[in-house]
Amino acid sequence: MPEPGGQGDVQLKKKTDLKKPDMYKVIMLNDDYTTMEFVVEVLMKFFQKDPVNAQRIMFEIHEKGAGDVGTFTYDIAQSKVQKVHRYAREKEFPLRCRIEKA
């Protein structure tokens with residue numbers, strides 16, 4: 001019979017508590033040039049909003065000056081902001097987003 005700690009024993013690994021990643025809100029900002037239709041398109045294309053919710057969020061952005069369009073991990077939030085900025089530039093709109101810790 002093997003001795004404790006010998007080759008025949010199974011070594012148990014200590015369980016490590018995993019920390020959930022910090023979450024970040026993507027905030028879309030209103031401007032005087034980007035069309036409402038383009039904002040709805042962006043919300044549907046990059047944030048998977050259905051037409052009704054995209055329109056509701058667009059009006060919130062228009063009326064309040066900014067609106068929360070989704071909450072993601074930092075890398076995903078940053079990637080979505082970069083994609084929106086690139087797409088807006090391609091379409092010659094000044095649409096901007098920012099991220100803030102949720």
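**Reading a small sheet and its helices**

Tutor: Keep in mind that we're looking at a predicted model. Let's begin with the sheet: strand β1 covers residues 23–29 and pairs with β3 in the antiparallel sense, over 6 bridges.

Student: What holds strands of a sheet together in general?

Tutor: Backbone hydrogen bonds do the pairing, and the strands can run parallel or antiparallel. Here, 3 strands make an open sheet with antiparallel pairing, in the order β2-β1-β3.

Student: OK, and which strands are the edge strands?

Tutor: Look for strands that pair on one side only: those are β2 (66–73) and β3 (96–101). From one strand to the next, the twist averages 30°.

Student: Can we zoom in on the β1 and β3 pairing? Which residue in β3 stands opposite valine 26?

Tutor: That's isoleucine 99.

Student: Now the helices. Which strands does helix α1 lie across?

Tutor: Helix α1, residues 36–47, lies across β1 and β2, and it runs at about 160° to β1. Helix α3, residues 74–90, lies across β1, β2 and β3. Its direction is at about 170° to β3.

Student: Let's pick one residue from α3, say histidine 85. Is histidine 85 buried or exposed?

Tutor: Compare its relative accessible area with the cut-off: buried means under 20%. Histidine 85 comes out at 11%, so it counts as buried.

Student: And which residues does histidine 85 touch?

Tutor: Leaving aside residues up to four places away in sequence, histidine 85 touches Leu95, Arg96 and Cys97. For orientation, β3 spans 96–101.

Definitions and conventions. Residues are numbered from 1 along each chain as its sequence is written. This is a predicted model: local features need pLDDT of at least 70, side-chain atom pairs count only at pLDDT 80 or more; totals for chains, interfaces and linings use all residues. Side-chain values use heavy atoms; hydrogens and water are left out. Two strands pair if DSSP finds at least two bridges between them. Helices (H or I, at least four residues) and strands (E, at least two) are DSSP runs, numbered from the N terminus. Axes are lines fitted to C-alpha atoms, for helices over the stretch in contact, and angles run from 0 to 180 degrees between N-to-C directions. Contact means heavy atoms within 4.5 Å. Buried means under 20% relative accessible area, exposed over 50%, partly exposed in between (1.4 Å probe, protein chains only).
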